[in-house]
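Student: I've got a model open and would like to talk it through with you. Could we go piece by piece?

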Amino acid sequence: ADYATFFGANPEFIYGIQMIPFTPATRLLLAADWVKEAWCPDGTSCSGGMKPAAESANKNGWAQFLYTALSVVDRNTALANVGTCTPDDGNTLTNALHWIATSGQQLVG
């Protein structure tokens, strides 16, 4: 299958466009099972998954969206990475941190 947005075919665009903007209602759209499967945390080969997309996005605003989404299953990793990303013009670090703190998985440890 061929996937793309009108502005590019990068995997981070394809995932990110489905979840922005991050508002309180976004939590209703991001099912933990979908995020977990898309992130591929079990170490399986997942070249088109969110984790490799976030890593290849080179800490840009699209990576920030993916790490924000990750917080529904892994808030600690989301917090460790979201602040290292350059926010997109349509988002702020404050919004991403607020969303993670109020909508993500409970902190562990």
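Tutor: Sure, and one definition before we start: a residue is buried under 20% relative accessible area, exposed over 50%, and partly exposed in between. Keep in mind that this is a predicted model.

Student: Then let's use that right away. Is Lys59 buried, exposed or partly exposed?

Tutor: Lys59 is found in the loop between H4 and H5. Its relative accessibility is 29%. Buried would need under 20% and exposed over 50%, so Lys59 counts as partly exposed.

Student: And what about Asn58, buried or exposed?

Tutor: Asn58 lies in the loop between H4 and H5 too. The cut-off for exposed is over 50%. Asn58 is therefore exposed, with a relative accessible area of 64%.

Student: What is the phi of Asn58, and what is the phi of Lys59?

Tutor: Neither residue is a glycine, yet phi is positive in Asn58 and in Lys59. For Asn58 the value is about 60°. For Lys59 phi is near 60°.

Student: Let's step back. How many helices and strands are in the chain?

Tutor: Reading from the N terminus, the elements go α-α-α-α-α-α-α. The count is seven helices and zero strands.

Student: Where in the chain is confidence highest, and where is it lowest?

Tutor: Over the chain, the mean pLDDT is 86, with 89% of residues at 70 or more. Among the elements, helix H2 (residues 26-29) is lowest, at a mean of 88. The highest is H5, at 94.

Student: How many of the residues of H5 are buried?

Tutor: The buried residues of H5 include Trp62, Phe65, Leu66 and Tyr67, along with Gly61, Ala63 and Gln64. H5 is largely enclosed by the rest of the structure, because its buried residues number 10 of the 10.

Student: What covers the buried residues of H5?

Tutor: Several helices take part, from both sides of H5 in sequence. The cover includes helix H1 (11-16), helix H3 (32-39), helix H4 (50-56), H6 and helix H7 (93-103).

Student: Which residues is Thr68 in contact with, leaving aside its neighbours within four places in sequence?

Tutor: Thr68 is found in helix H5. With a relative accessible area of 1%, Thr68 is buried. Its contacts beyond those neighbours are Phe22, Val82, Ala96, Trp99 and Ile100.

Student: Which backbone oxygen does the side chain of Ser71 reach?

Tutor: Ser71 lies in the loop between helix H5 (61-70) and helix H6 (75-82). Ser71 counts as buried, because its relative accessibility is 0%. At 2.7 Å, its side chain reaches the backbone oxygen of Thr68.

Student: And at the start of H5, what does a side-chain oxygen of Asn60 reach?

Tutor: The partner here is a backbone nitrogen, and the oxygen comes to within 2.8 Å of it. That nitrogen belongs to Trp62.

Student: Moving to Asn95, which side chain does its own side chain make a polar contact with?

Tutor: Asn95 sits in helix H7. With a relative accessible area of 28%, Asn95 is partly exposed. The polar contact, at 2.8 Å, is with the side chain of Asn91.

Student: How far apart in space are Asn95 and Thr23, C-alpha to C-alpha?

Tutor: In sequence, Asn95 and Thr23 are 72 residues apart. In space, their C-alpha atoms are separated by 8.4 Å.

Student: What share of the contacts with a separation of 6 or more comes from residues 24 or more positions apart?

Tutor: The Asn95 and Thr23 pair, 72 residues apart, is one example of a long sequence separation. Across the chain, residues 24 or more positions apart account for 59% of those contacts.

Student: Which peptide bond is cis?

Tutor: Look at Pro21, in the loop between H1 and H2. Omega is near 0° for the bond leading into that proline. The cis bond runs from Ile20 to Pro21.

Student: Last one, the surface. Which residues make the nonpolar patch?

Tutor: The chain exposes about 6100 Å², and carbon and sulfur atoms supply 55% of that. Phe7, in the segment before H1, counts as partly exposed because its relative accessibility is 33%. The patch covers about 350 Å² and is made by Phe6, Phe7 and Ile17.

Methods. Residues are numbered from 1 along each chain as its sequence is written. This is a predicted model: local features need pLDDT of at least 70, side-chain atom pairs count only at pLDDT 80 or more; totals for chains, interfaces and linings use all residues. Side-chain values use heavy atoms; hydrogens and water are left out. Helices (H or I, at least four residues) and strands (E, at least two) are DSSP runs, numbered from the N terminus. Buried means under 20% relative accessible area, exposed over 50%, partly exposed in between (1.4 Å probe, protein chains only). A polar contact is a pair of N or O atoms within 3.5 Å; within protein, one must be able to donate a hydrogen and the other to accept it, and residues adjacent in sequence count only if both atoms are side-chain atoms. Contact means heavy atoms within 4.5 Å. pLDDT is the predictor's confidence in each residue, from 0 to 100. Patches are made of residues with over 30% relative accessible area and no salt bridge: like charges are joined within 9 Å, nonpolar side chains (Val, Leu, Ile, Met, Phe, Trp, Tyr) within 5 Å. Accessible areas come from the Shrake-Rupley method with a 1.4 Å probe; for residues, only the protein chains shown count as cover. A salt bridge is a side-chain nitrogen of Lys or Arg within 4 Å of a carboxyl oxygen of Asp or Glu.
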